[in-house]
Amino acid sequence: MKEPIISIRHVYFRYPEQQSDALHDISLDVAQGEWLAIVGHNGSGKSTLAKMLNGLHYPREGEVMISGFPLKEEYVWEIRRRLGMVFQNPDNQFVGTTVQDDVAFGLENNGVPHDIMVRRVEESLQRVGMLDFLNQEPHHLSGGQKQRVAIAGVIALQPDIILLDEATSMLDPLGREEVLSTVRELKEEQKLTVISITHDLEEAARADRIIVLNQGSVYHEGTPDDIFQMNKELIQLGLDVPFPIKLGEALRRQGFDIQGGHLTEEELVRELWTSNFKK
Amino acid sequence: MDIQLQEVEYRYAAGTPFERLALKDVSFTIPEGRFVAIIGHTGSGKSTIIQHLNALLRPTKGKVVIGGRVVSADKKEKNLKEIRKKVGIVFQFPEHQLFEETVEKDIMYGPMNFGVSEEEARDRARGLIEKVGLPDSVLEKSPFDLSGGQMRRVAIAGVLAMEPDVLVLDEPTAGLDPRGRKEIMDMFYALHKEKGLSTVLVTHSMEDAAFYADDMVVMHKGSVCMQGTPRELFSRPEELASYGLSVPEVIRFQQKFEELSGMKLARPCLTIEELAEELSRLRDWGGGS
């Protein structure tokens, strides 16, 4: 494996006045250019980890390196320039009065010269497919559109890593699809590293690798295929199993010939048809 | 207690340059004891409707009849407290409204405001804490020491403590993990059945609408564009798509199968089990071989 872009070594963290650790001996690496999903139930530590990666919390013990910088107060601004976050609620992260002002906000804060700024705002909005909305006010946008603007605001700063902290959980299914396919394209075009923190397994299924957190520790790690084989165990962890896997099981119970766990509906529908009907 | 909306129109900031038409000619009924899901794209008017259900907003035209009481533009309704006591609303992210020193006091606040005695309110708080899936020990804690999911449950208990006849839920499970989501929805459904409540659920989740609702109302640009049972509406996927809405996963899968096979299932299926059964019926009765 190449030099990881994020490395976390034996990290512990506890909130003030709490009896137990929110993060307990976490170690993990994130490779440059990969899409890593971190899943876990509410309270499993995933949001705490997200906040740590953005320098909102510091580990009590252990070490974190992000894009070549150790997670320490003196490097926090360097780190924040390289790791951009998209939060859950589209309405809480809109600061500009128009779409372009909103994207320009971060650039202005970073002292980017005006002519470069104008160009970057346009480029970023182009990339997320929101260029036509340059002068729109936020309340005219759908949730999915707002999140795409938030992503534009992040990529305008040309980060190495984009962290989605439950960024699709308040969107309707179409909005979620909009956002995730935008992220997929960006990742491919710009070699961005993507970390998505989520309990939506359809979102996690798009990642290259999934880490399951439970009670502040890494519980399991693997490809989406590996993780979804855990099946009932995922439900015990407060998570769910993707729809095609659940349906595949129900079909087997009805005596259908269905092999293995399918992660997409297309795979399942094809197998259902070819091995059970088309004879 | 029925709630009827009759040709309701609502304009925000009526008579000002900022006037905006939010609801237009909206009519539907929430019959007593039914579970009604309201769905629609962001900005379709769902939240504005909710605020009409307990007279937080008064229509600018038309009327809302809430258990026999009429709320309309020209009628200045005096005692709205009675209505608000009967129609409990769980707003989005209700945990943001917690404010008391302890969980118990927070749950007691609503009923005491409506004239329930302190003792009675305390009894209700104690009875409800378990119902929403929290241990008794949290009653003495500050709500702000709880996790987000626990705070949500406390806020819900606060609405239930008013013992409403109609329960209105605006995206009650947004942001919860799958287990939390299922627990909360199952709890609402159990209450709905047990107490014969009327329940109104505003949701993005077509799965929840399919699973829990008796009736569905689809909103688009401030008007009702479709109405019917989940089975009726989900058999019209193209129409739903034209309003920017999707169908539940089971229905989508059924569509894909029908497209590939050229066969048709007897009816739109709303659960995984139902779909698996219908498919096996199709196979056994001559779909295959």
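**Exercise 1. Describe how the contacts, overall form and surface of chain A are composed.**

Solution. Among the contacts in chain A with a separation of 6 or more, 62% join residues that are 24 or more positions apart. This value, like every other in these exercises, is computed from a predicted model.

Next, consider the secondary structure: chain A has 11 helices and 10 strands. The radius of gyration of chain A is 20 Å, close to the 19 Å that the globule rule gives for 279 residues, so chain A is as compact as a globular protein of that length. Along the principal axes, the C-alpha atoms of chain A fill a box of roughly 65 × 50 × 35 Å.

Finally, turn to the surface. Of the 279 residues in chain A, 55% are buried. The accessible surface of chain A comes to about 12600 Å², and 46% of that surface belongs to carbon and sulfur atoms.

**Exercise 2. Carry out the corresponding description for chain B.**

Solution. Begin again with the secondary structure: chain B contains 11 helices and 10 strands. For 289 residues, a compact globule would have a radius of gyration near 19 Å, and the 21 Å of chain B agrees with this. The box filled by the C-alpha atoms of chain B, taken along the principal axes, is roughly 70 × 50 × 30 Å.

The next step concerns burial and contacts. Buried residues form 54% of the 289 residues in chain B. Of the contacts in chain B with a separation of 6 or more, 59% are between residues 24 or more positions apart. Chain B exposes about 13000 Å², of which carbon and sulfur atoms supply 48%.

**Exercise 3. Determine how many cavities of 30 Å³ or more the structure holds, and describe the lining of the largest cavity.**

Solution. Rolling a probe the size of a water molecule over the atoms shows where empty space is left. The structure holds 1 cavity of 30 Å³ or more. The space in the largest cavity is about 50 Å³.

The lining is then read chain by chain. From chain A come A:Asp172, A:Pro173 and A:Leu174. From chain B come B:Gly40, B:Thr203, B:His204, B:Met206, B:Gly244, B:Leu245 and B:Ser246. Sorted by class, the lining has 4 nonpolar, 5 polar and 1 charged residues.

**Exercise 4. For helix 1 of chain B and helix 10 of chain A, state which residues are buried and which residue with positive phi follows each helix.**

Solution. Take helix 1 of chain B, residues 46-53, of which 6 of 8 are buried. These buried residues are B:Lys46, B:Thr48, B:Ile49, B:Ile50, B:His52 and B:Leu53. After helix 1 of chain B comes B:Ala55, with a positive phi near 65 degrees.

Now take helix 10 of chain A, residues 243-253. Its buried residues are A:Phe243, A:Pro244, A:Ile245, A:Leu247, A:Gly248, A:Ala250 and A:Leu251. A:Gly255 follows helix 10 of chain A, and its phi is positive, near 85 degrees.

**Exercise 5. Locate B:Glu7 and B:Asp25, and classify each as buried or exposed.**

Solution. B:Glu7 is found in strand 1 of chain B. Although it is not a glycine, B:Glu7 has a positive phi of about 45 degrees. Its relative accessible area is 55%, so B:Glu7 is exposed, the cut-off being over 50%.

B:Asp25 lies in strand 2 of chain B, residues 20-30. Its phi is near 50 degrees, again a positive value in a residue other than glycine. With a relative accessible area of 54%, B:Asp25 is exposed.

**Exercise 6. Describe the surroundings of B:Asp2 and B:Leu197.**

Solution. B:Asp2 belongs to the segment before strand 1 (3-12) of chain B. Its relative accessible area is 36%, so B:Asp2 is partly exposed. Apart from neighbours within four places in sequence, B:Asp2 is in contact with B:Ile30, B:Pro31, B:Glu32, B:Val65, B:Ile66 and B:Gly67.

B:Leu197 is found in the loop between helix 6 (178-195) and strand 8 (198-202) of chain B. The relative accessibility of B:Leu197 is 7%; because buried means under 20%, B:Leu197 counts as buried. Residues up to four places away in sequence are not counted, and B:Leu197 then touches B:Gly33, B:Arg34, B:Pro164, B:Asp165, B:Leu167, B:Leu191 and B:His192.

Methods: Residues numbered from 1 in each chain as written. Chains lettered and ligands numbered in written order. Predicted model: local features only at pLDDT ≥ 70, side-chain atom pairs only at ≥ 80, totals over all residues. Heavy atoms only, no water. 1 Å grid on protein atoms, 1.4 Å probe; cavity = no way out; pocket = protein on both sides within 12 Å on 5 of 7 lines; lining within 4 Å. Points joined across faces, edges and corners; volume = space filled by probe spheres on them. Nonpolar A, V, L, I, M, F, W, Y, C, P; charged D, E, K, R; others polar. Helix = DSSP H or I, 4+ residues; strand = E, 2+ residues; numbered from the N terminus. Rg over C-alpha atoms; globule rule 2.2 N^0.38 Å. Buried < 20%, exposed > 50% of the residue type's maximum accessible area, 1.4 Å probe, protein only. Contact = heavy atoms within 4.5 Å. Areas by Shrake-Rupley, 256 points an atom, 1.4 Å probe, with all protein chains shown as cover.
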